[in-house]
Amino acid sequence: MKDHDSSPLTDYIEYPAEQMLSRSEQFYQDIKRRHSIRKFSDKPVDKRIIENCIKAAGTAPNGANHQPWHFVAINSAEVKKQVREQAELHEQGFYSGRAGEEWLDALKPLGTDASKPYLEHAPWLIAIFSQKKGGLNPEDKNTNYYVHESVGIATGFLINALHSSGLVTLTHTPKPMSFLSKICQRPDDERPYMLLIAGYPADDATVPKHAQSKKSLDEILTFM
């Protein structure tokens with residue numbers, strides 16, 4: 001390894017082997033309770049919880065440590081209304097045929113349609129943006145690397161953090177998503193990556209049976 005400025009690793013914790021196994025099982029049992037929810041309560045969520053979860057997302061591994069992401073946390077009723085209006089406008093075209101029959105058939109077991117009331121009802125929308133240019137410092141305008149992969153990992157961290165905090169989420173990717181850039185007043189060198197809805201589940205929230213079916217370990221794992 002080439003010489004570079006670094007610090008000793010001091011915050012790693014090595015657990016006994018039995019505890020490692022127990023922790024891995026505990027994490028699996030917890031994370032499998034995470035579900036995508038489409039009915040949210042309007043119960044408020046403390047802004048500090050959202051801040052902590054986004055700080056956690058900001059620790060995700062990424063290309064050259066450029067951290068090519070920006071998060072816009074939306075709590076304003078007026079802004080959420082704008083997002084819903086624009087998202088439903090695009091979704092109407094999607095469900096009216098732009099998506100294609102095969103894609104729409106794949107979505108039928110989930111019961112989704114162009115109506116997205118949760119975009120106004122949930123306490124928080126988090127718009128996630130990827131950055132083509134940037135760097136470690138605010139004034140940097142360098143090329144960012146592995147942007148899609150980096151933002152995807154950070155989004156996974158964010159979903160896990162919100163779940164671990166006791167909230168439910170839904171990933172939403174209306175096509176196209178360019179309206180989010182305008183509503184959130186983001187610069188031209190950023191692209192909307194995903195809209196994450198976060199809050200408490202409504203009392204009548206449900207989970208589609210189709211979404212509860214997971215591939216077996218043998219189907220997703222190969223040891224070599």
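Helix axes are lines fitted to C-alpha atoms over the stretch in contact, and angles run from 0 to 180 degrees between N-to-C directions. The model is predicted, so local features need pLDDT of at least 70 and side-chain atom pairs pLDDT 80 or more, while totals for chains, interfaces and linings use all residues. Residues are numbered from 1 along each chain as its sequence is written, and side-chain values use heavy atoms, without hydrogens and water.

Helix α1 (residues 17-31) packs against α6 at about 85°, with the axes 11 Å apart; helices are DSSP runs of H or I of at least four residues, strands E runs of at least two. The two helices are therefore roughly perpendicular, the term for angles of 65 to 115 degrees. F27, D30 and I31 of α1 meet N160, H163 and S164 of α6, where contact means heavy atoms within 4.5 Å.

Helix α6 (147-165) also supplies residues to the largest nonpolar core, as do α2, β1, β2 and β6. A nonpolar core is a set of buried Ala, Val, Leu, Ile, Met, Phe, Trp, Tyr and Cys residues joined through side-chain atoms within 4.5 Å; buried means under 20% relative accessible area, with a 1.4 Å probe and protein chains only. Of its 23 residues, those touching the most other members include I50, F71, L158 and L196. The largest share, 7 residues, comes from α6. Beyond its sequence neighbours within four places, L196 contacts residues including W124, I128, L162 and T171.

By contrast, K182 in helix α7 (residues 178-183) is exposed because its relative accessibility is 74%, the cut-off being over 50%.

Key:
Parallel < 35°, antiparallel > 145°, perpendicular 65-115°, else oblique.
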